[in-house]
Amino acid sequence: MKQAGQMVDDNVAKVIPMGCYNMLLVKDRLEGVGKLALFLSVDGQKFQVPWEEDTDEQHEYFVLMTAGEEEIACALGVGEEVSDRLIEGAGVRESDIENR
């Protein structure tokens, strides 16, 4: 795709939607094999469903996958509140997650 100068088309991305957790897994795998930059360079992130349109299950898995121990306890309703920092790579604030 990249060699031909092509990018992921919006219409194609809508046909193959990926939740935030699934996209995290894809990016992690691509990073592990050295292909993440290529995926992002052709707008591969367009496959990701916007956070506000994603399912509660995808949100929960994403939070648990990206959170530290203290944040997991908070997400499960135990412990102190999570800070309002930006979750790396997702473009959502943890306060958005808590308020869903």
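# A tour from helix 2 outwards

Select helix 2 first. This helix has 13 residues, which at 1.5 Å a residue should span 18 Å, and its end C-alpha atoms are 18 Å apart, so the two values agree. Keep in mind that the model you are viewing is predicted.

**Stop 1: the two sides of helix 2**

Stay on helix 2 and show side chains. Which residues of helix 2 are buried? Pick C20, M23, K27 and L30: these four are buried. Now look down the axis. The four cover an arc of only 85°, which puts them on the same side of helix 2. Why can residues spread along a helix share a side? An α-helix has 3.6 residues a turn, so residues three or four places apart point the same way.

Next, colour R29 and G32. Both are exposed, and they sit on the face of helix 2 turned away from its buried side.

What do the buried residues of helix 2 pack against? Show helix 3 and helix 4: those are the partners.

Move just past the end of helix 2. Select G34. Its phi is positive, about 75°.

**Stop 2: a tilted ring pair**

Now hunt for aromatic rings. How many aromatic pairs are there? The count comes to 2.

Select Y21 and Y61. Their ring centres are 5.3 Å apart. Their planes stand at 55°, and rings count as edge-to-face only over 60 degrees, so this pair is tilted. Trace each ring back to its helix. Y21 belongs to helix 2, residues 20-32. Y61 belongs to helix 4, residues 56-66. The pair therefore ties together parts that are 40 residues apart in sequence.

Is Y61 buried, exposed or partly exposed? Its relative accessibility is 37%, so Y61 counts as partly exposed.

**Stop 3: an edge-to-face pair**

Select W51 and F62. Here the ring centres are 5.7 Å apart. The planes meet at 70°, so the pair is edge-to-face. W51 is in the loop between helix 3 (36-41) and helix 4, while F62 is in helix 4. The two residues are 11 apart, and the pair links distant parts of the chain.

Check how covered these rings are. W51 has a relative accessible area of 10%; the cut-off for buried is under 20%, so W51 is buried. F62 is at 3% relative accessibility and counts as buried.

**Stop 4: further along helix 4**

Stay in helix 4 and pick L64. L64 has a relative accessible area of 29%, so this residue is partly exposed. Now measure from L64 to Y21 in your viewer. Their C-alpha atoms are 9.5 Å apart in space, yet the residues are 43 apart in sequence.

**Stop 5: the loop before helix 4**

Go to the loop between helix 3 and helix 4 and select D43. What is its phi near? The value is near 65°, which is positive in a residue other than glycine.

**Last stop: the whole chain**

Zoom out and show everything as cartoon. How many helices and strands does the chain have? You should find 6 helices and 0 strands. Follow the sequence from start to end and the pattern reads α-α-α-α-α-α.

Switch on the surface. The accessible surface is about 6900 Å², and carbon and sulfur atoms hold 51% of this area. Of the 100 residues, 29% count as buried.

Finish with contacts. Take those with a separation of 6 or more: 58% of them join residues 24 or more positions apart. Return to Y21 and Y61 for a ring pair that ties parts 40 residues apart.

Definitions and conventions:
Residues numbered from 1 in each chain as written. Predicted model: local features only at pLDDT ≥ 70, side-chain atom pairs only at ≥ 80, totals over all residues. Heavy atoms only, no water. Phe/Tyr/Trp six-rings, centres within 6.5 Å; stacked < 30°, edge-to-face > 60°. Buried < 20%, exposed > 50% of the residue type's maximum accessible area, 1.4 Å probe, protein only. Expected span 1.5 Å × (residues − 1). Arc of directions from axis to C-beta. Contact = heavy atoms within 4.5 Å. Areas by Shrake-Rupley, 256 points an atom, 1.4 Å probe, with all protein chains shown as cover.
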